[in-house]
Amino acid sequence: MTTVLVAGATGSLGSLIVARLLERGATVRALVRPSNADGGARLREVAAHPNLSLVVGDLTDGAGALVPHLAGVDVVVSAVQGGPEVIIDGQLELLRAAEAAGVHRMIPSDFSINLWGYDYGVNILSDLRRVFAAAFRNSAVARTSVAVGAFPEFFLGPFHEVLDPAAGTFAVWGDGTRKIDITTIPDTAAFTAAVALDPATAGRDIHVVGQQLTVLELRNEVEAASGHRWKLVRRGTLDDLQAEIVRRQFAATSPFQYVALQYQIGMYSGTASLTDVRNADYPDVTPTSVAQYLAGPGASHFEIQAGAQSTEDWPAAV
Ligand SMILES: NC(=O)c1ccc[n+]([C@@H]2O[C@H](COP(=O)([O-])OP(=O)(O)OC[C@H]3O[C@@H](n4cnc5c(N)ncnc54)[C@H](OP(=O)(O)O)[C@@H]3O)[C@@H](O)[C@H]2O)c1
């Protein structure tokens, strides 16, 4: 039986990875922080599973403190979230501990667009993941990365400024005719559990996807699911998008004021598109279509949130 340690196990993705691994018969060790020592709300459903154990620790505790948690572990899956102190420094401590414990493979917390089709500086969050990927070059632990494109839970939420329920608008940069990659968080977890238990993925970037469709097709799905029209707002060309990213970077007090646009320029230009989609390797994972997602939990994207402001007039510069 394969033993998997999941870091970030109390997170929205990590908790589902734990559940899917247990369903596949793995023995799972969930790394939880002291503030969530009982597993917290997200692990409650699986907390009593006989093949699950919780180990308490923080990546910032350092490799020495993490090594005992990794004894006998075959694969580490990291689904942590954070800035460089977590994605680079924290995961490096986890990798060093995995090396010391003789772990075979680690899936880092990527779960993103294709990380490799563009230069450094194009997407600051991809940069963190690429810096950490370099740490595997001289490591006995093999890296397996899982790329899925965008989570619709985020892409259709306020962070991306695509859908604006208060204004009734759907915004697009560029001509909107290139296919983009959309995978729900639950489907990402299902694929990741399958990849974690597949030793043939050692040393590879595995691309899997829920659905590929153009952003204009995505708008059609939104209209069909919501039952009403969403005014199409064309924000500008991809050159205009690049100019807007630079403008925001100069004024930004947080990377979150421009990083969503950095994802979009990669997706809309195709540089961040998934290339070698391996869904066929995991036939027991049936991903959710965008229509199914929007008919279920995704219907919440159509609701006007309290305090939401219309972004119809944004951005003034374009
Ligand atoms: N493709 C996309 O569109 C997309 C969108 C969003 C996220 N993602 C990616 O998906 C992955 C998971 O994100 P998520 O939304 O599931 O994150 P999340 O819900 O915020 O969960 C993050 C997890 O990391 C843990 N954590 C943070 N710092 C830690 C540390 N120093 N030591 C140990 N654990 C630590 C948290 O523990 P606590 O519960 O104790 O805080 C939590 O369990 C990330 O790689 C993220 O970038 C992708």
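Colleague: Which side chain has an N or O atom 3.2 Å from an oxygen atom of the ligand?
Modeller: That is Gln 81, and the 3.2 Å is to an oxygen atom of the ligand. Bear in mind that this is a predicted model.

Colleague: How much of the ligand does the protein bury?
Modeller: Taken alone, the ligand exposes 930 Å², and the protein buries 84% of that.

Colleague: What does the ligand's nitrogen have by it, then? I mean which residue puts a polar side-chain atom 2.9 Å from a nitrogen atom of the ligand.
Modeller: Asp 58 does, at 2.9 Å. Asp 58 is also listed among the closest residues to the ligand, along with Thr 10, Arg 33, Ser 109 and Phe 151.

Colleague: And which residue offers a polar backbone atom to a ligand oxygen?
Modeller: Leu 13, with a polar backbone atom 2.9 Å from an oxygen atom of the ligand.

Colleague: How many residues surround the ligand in total?
Modeller: 23 residues surround the ligand. By type, that shell divides into 10 nonpolar, 9 polar and 4 charged residues.

Colleague: Which pocket is the ligand in?
Modeller: The ligand takes up the space of the largest pocket.

Colleague: Changing topic to the sheets. What is the strand order in the one with 6 strands?
Modeller: The order is E3-E2-E1-E4-E5-E6, in an open sheet with parallel pairing.

Colleague: Why do E3 and E6 each have one side without a neighbour in that sheet?
Modeller: Strand E3 (52–56) and strand E6 (142–143) stand at the edges and have a single partner strand each, so one side of each is left without a neighbour in the sheet.

Colleague: What holds strands of a sheet together in general?
Modeller: Strands pair through backbone hydrogen bonds, either parallel or antiparallel.

Colleague: How many bridges join E1 to E2?
Modeller: 5 bridges join strand E1, residues 3–7, to strand E2, residues 27–32, and the two run parallel. As one example, Val 6 has Ala 30 in E2 as its bridge partner.

Colleague: What about the sheet of 3 strands, what order and pairing does it have?
Modeller: That open sheet has the order E8-E9-E13, and its pairing is mixed. Strand E8 (163–164) and strand E13 (231–236) are the edge strands, each pairing on one side only.

Colleague: How do E9 and E13 run?
Modeller: Parallel, with 5 bridges joining strand E9 (residues 169–173) to E13. Thr 169 has Lys 231 as its bridge partner in E13.

Definitions and conventions. Residues are numbered from 1 along each chain as its sequence is written. This is a predicted model: local features need pLDDT of at least 70, side-chain atom pairs count only at pLDDT 80 or more; totals for chains, interfaces and linings use all residues. Side-chain values use heavy atoms; hydrogens and water are left out. A residue is near a molecule or strand if one of its heavy atoms lies within 4 Å of it. A polar contact is a pair of N or O atoms within 3.5 Å; within protein, one must be able to donate a hydrogen and the other to accept it, and residues adjacent in sequence count only if both atoms are side-chain atoms. Accessible areas come from the Shrake-Rupley method with a 1.4 Å probe; for residues, only the protein chains shown count as cover. On a 1 Å grid over the protein atoms alone, a cavity is a set of points where a 1.4 Å probe fits but cannot get out, and a pocket is an open set with protein on both sides within 12 Å along at least five of seven lines; lining residues have an atom within 4 Å of a point. A molecule sits in a cavity or pocket if more than half of its atoms lie within 2 Å of its grid points. Ala, Val, Leu, Ile, Met, Phe, Trp, Tyr, Cys and Pro count as nonpolar, Asp, Glu, Lys and Arg as charged, and the others, Gly among them, as polar. Two strands pair if DSSP finds at least two bridges between them. Helices (H or I, at least four residues) and strands (E, at least two) are DSSP runs, numbered from the N terminus.
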